[in-house]
Amino acid sequence: MAALLIVEDDPKIGVLLANALSANGHTTTWQRSGASALHAAAAQPFDLVLLDLGLPDVDGVDVCRELRRLLPGAIIVILTARRDEMDVIVGLESGADDYLTKPFRMTELLARVRAHLRRSTTPGAAVTAPLGLDELTLDTGRRECQVRGTPLVLRPKEFDLLVRLARDSTTAVSRETLMADVWDENWFGSTKTLDVHVASLRRALAELADSLDPPGVVPEITTLRGFGYRLDLHGQVPRDRSERKEHR
Ligand code: CA
């Protein structure tokens, strides 16, 4: 049983979601405004949030950003009636893990929720991939990541993505495989979700590379055009060093 937060101002959709998710055995809290949703998220933890982006009081994107801060381990799925793909991308960049476009079929929403909750609660063995003398440690049970002994705080799907890439490190993993294994086997939406998460994971790794003291090499995600991505464990040289190398 999971604790779900529904943020939806449309009473018809809100009732439908609350009833369907409760019937599936979840504890649901339904909030109709951004302010009340943030209040609820500050008061108690949630496993998953369904967030309508079109809210009456606060911009849904701002709510998303704040929810991500309040609920670092929760899966956030944005619901949007907006046709513009940019809104979806901004939502994903603000901390959402996935999105559904309205109108959606309830069976699809329930399947997506089920898949997300199954993944985020499945305990697994620790994956430790060697990185020279140091290492990249991904503890899938505790959902913790360390690069060369330094903790790297990642969003749920960034973590899952890194684990999936690390399982086949130095081998390319196709976009289809990543979408199926990290998001949903029945995924048929935009693969922008994958691109946004790869970009934010790259940013997190680059920031870590810059902040390591003493400086060190951290893993890098290489794009294989038209196919997918590959994790290179010895990939990333700190920025100032790589610049110096170019000037030699
Ligand atoms: Ca709305």
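A salt bridge here means a side-chain nitrogen of Lys or Arg lying within 4 Å of a carboxyl oxygen of Asp or Glu. Keep that cut-off in mind as we walk through this predicted model, since a search of the whole structure turns up 15 such pairs. One of them joins Arg69 to Glu66, with the closest N and O atoms 2.6 Å apart, comfortably meeting the rule of within 4 Å.

Let's stay with that pair for a moment. Both residues belong to helix 3, which runs over residues 60-70, and they sit 3 residues apart, about one turn of the helix. Are the two partners buried or exposed? Arg69 counts as exposed because its relative accessibility is 56%, and the cut-off for that label is over 50%. Glu66 is partly exposed, at a relative accessible area of 27%.

Now step back to the overall picture. The protein has 248 residues, 48% of which count as buried. Its secondary structure comes to 9 helices and 12 strands. If you look at contacts with a sequence separation of 6 or more, 57% of them are between residues 24 or more positions apart. As for the outside, the accessible surface is about 12,100 Å², with 52% of it belonging to carbon and sulfur atoms.

Next, the inside. The largest nonpolar core contains 30 residues, and Leu136 and Cys145 have the most contacts within it. Who supplies this core? At least two residues each come from strand 7 (134-139), strand 8 (144-147), helix 6 (156-167), helix 7 (175-183), helix 8 (192-211), strand 11 (218-224) and strand 12 (228-236). Helix 8 gives the largest share, 7 residues. Apart from this core lies another one, of 25 residues, including Val7, Leu71, Ile76 and Ile78.

Cys145 deserves a second look, as one of the residues with the most contacts in the largest core. Cys145 counts as buried because its relative accessibility is 3%, and the label needs a value under 20%. Another cysteine, Cys64, is buried too, with a relative accessible area of 0%. How many disulfides does the structure have? The count comes to 0.

Back to the charged pairs, this time away from helix 3. Arg112 and Asp98 meet through their side chains in a salt bridge, at 2.9 Å from N to O. Arg112 lies in helix 5 (residues 106-121) and Asp98 in strand 5 (residues 98-101), so this pair ties together parts that are 14 residues apart in sequence. Both partners are buried. Asp160 and Arg143 form another salt bridge, at 3.0 Å from N to O. Here the link is between distant parts of the chain, with Asp160 in helix 6 and Arg143 in the loop between strand 7 and strand 8, 17 residues apart. Asp160 counts as buried at 12% relative accessibility, while Arg143 is partly exposed, with a relative accessible area of 27%. There is also a network: salt bridges that share partners join Glu8, Asp52 and Lys102.

Asp52 leads us straight to the calcium ion. Which protein atoms act as its donors? They are the OD atoms of Asp9 and Asp52 together with the O atom of Gly54, and they lie 2.2 to 2.4 Å from the ion. Along the chain, these donors follow the spacing D-x42-D-x1-G. Asp52, the residue that also takes part in the salt-bridge network, counts as buried because its relative accessibility is 5%. Gly54 is partly exposed, at a relative accessible area of 39%.

Two more spots round off the tour. Met179 is found in helix 7, and it is buried, with a relative accessible area of 3%. Between Met179 and Thr191 there are 7.6 Å in space, C-alpha to C-alpha, and the two are 12 residues apart in sequence. Then there is Ser174, in strand 10 (residues 173-174). Ser174 counts as buried because its relative accessibility is 12%. What does Ser174 touch, leaving aside its neighbours within four places in sequence? Its contacts are with Phe227 and Gly228.

Conventions:
Residues numbered from 1 in each chain as written. Predicted model: local features only at pLDDT ≥ 70, side-chain atom pairs only at ≥ 80, totals over all residues. Heavy atoms only, no water. Donors = N, O, S within 2.8 Å, 3.2 Å for Na, K, Ca; no water. Buried < 20%, exposed > 50% of the residue type's maximum accessible area, 1.4 Å probe, protein only. Core = buried A, V, L, I, M, F, W, Y, C linked by side-chain atoms within 4.5 Å. Helix = DSSP H or I, 4+ residues; strand = E, 2+ residues; numbered from the N terminus. Contact = heavy atoms within 4.5 Å. Areas by Shrake-Rupley, 256 points an atom, 1.4 Å probe, with all protein chains shown as cover. Disulfide = S-S within 2.5 Å.
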